[in-house]
Amino acid sequence: MSAPSITPTFGPGDYVKFFGAGALAATLTHGAATPIDVVKTRIQVDDAMKGLNMVKAARQIVAKEGASALLTGFGPTAVGYLVQGGGKFAGYEFFKKKFIDLTGSQEKATRRRTAIYLGASATAEFFADIALCPLEATRIRLVSQRGFASGLTTGFMRLAREEGFRGFYSGFVPLLFKQVPYAVGQFSVHEAAVEVIYRSMGPERKAKLTQLQSTGVELSSGIVAGVAAAVLSHPADTLLSAINKGAGDPKQGVTSRMFSLAREFGPRRLLLAGLGPRIVMTCGLVAGQFVIYAQCKTLVGAPPGIEIHKEESLK
């Protein structure tokens, strides 16, 4: 027997709207951040760029390969995050609703809200990553192996021809280690930050917020969430870049290979190499995504997300 619903009913059309808004938010922000991601990936995997900051690394890439090198991997980035972003945001709305209903009451859901945020974001990200992984593997190969292919289609086909399923999903476990903490930080910290902001202003002021002020709330909470997402996901992001470049012993299983590389890199490189550019990039990505997602939902008439925040004012 299914648990009774204590949340509004969302139909297929609503989830299509959630998917479309999330897809647009993710592909626009990740596409725009391609140059930063190229520099970050090179710092992580190119020994010649160890120790360089973001600006110096970017200048070196442009000097050697031209400005167009900063857009390497744009195709798989845009397409991959179109699918992943839609799945992640729509999935979060879906699983958040399901987990709230499973608690049986609004009061219990509010008490267990952190667990709901963590579970919904992690579950949604897992399924979104199944679609993302082949395109992410193609993107990293294009960025880290110069001359691998001329673009998305040729890179994807070469990887499929030479390595097949294994090549596309060799980095799936590290991708989960990267993307699940990222999503957990993104959604859980965003929800917590929004709650603190709303409780600090009180229910009366919250009810009178203008569209611009609501955007400010999304932007502020998104920046905080972006820092959390970057820090939590950075070690696995470094390992994923290295594995997709071919680092480590290919005879090892992916998980063993990941831990072997972690020992080889050491804590400092694993935790700090490329972290500055990643924080800058991720803050922009996460804040931008929440702002665009909220605006797109309003434009297409999608229902608002379900809130289980505490209502008591902090004042």
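**Exercise 1. The end of α12**

Find which residue follows α12 and give the sign of its phi.

*Solution.* Start at the end of the helix in this predicted model. The residue that follows α12 is Gly-301. Its phi is positive, near 75°.

**Exercise 2. The span of α12**

Work out what span α12 should have from its 26 residues, then check it against the end C-alpha atoms.

*Solution.* First, take 1.5 Å a residue, counted over one less than the number of residues. For the 26 residues of α12 this gives an expected span of 38 Å. Next, look at the end C-alpha atoms of α12, which lie 36 Å apart. The two values agree.

**Exercise 3. The largest cavity**

Find how many cavities of 30 Å³ or more the structure holds, then describe the lining of the largest cavity.

*Solution.* Searching the whole structure turns up two such cavities. The largest has a volume of about 110 Å³. Of its 15 lining residues, His-30, Asp-37, Tyr-81, Met-281 and Leu-285 are the closest to the centre. Now turn to the helices: α2, α4, α6, α9 and α12 each give at least two residues to this lining. Finally, sort the lining by class: seven residues are charged, five nonpolar and three polar.

**Exercise 4. The second largest cavity**

Which residues line the second largest cavity, and how do they divide by class?

*Solution.* Begin with the volume, about 60 Å³. The lining is made up of Tyr-198, Arg-199, Gly-202, Pro-203, Lys-206, Glu-307, His-309, Lys-310 and Glu-311. Five of these residues are charged, two are polar and two are nonpolar. Tyr-198 and Pro-203 count as nonpolar, while Gly-202 and His-309 count as polar.

Methods: Residues are numbered from 1 along each chain as its sequence is written. This is a predicted model: local features need pLDDT of at least 70, side-chain atom pairs count only at pLDDT 80 or more; totals for chains, interfaces and linings use all residues. Side-chain values use heavy atoms; hydrogens and water are left out. On a 1 Å grid over the protein atoms alone, a cavity is a set of points where a 1.4 Å probe fits but cannot get out, and a pocket is an open set with protein on both sides within 12 Å along at least five of seven lines; lining residues have an atom within 4 Å of a point. Grid points are joined across faces, edges and corners, and a volume is the space filled by probe spheres set on the points. Helices (H or I, at least four residues) and strands (E, at least two) are DSSP runs, numbered from the N terminus.
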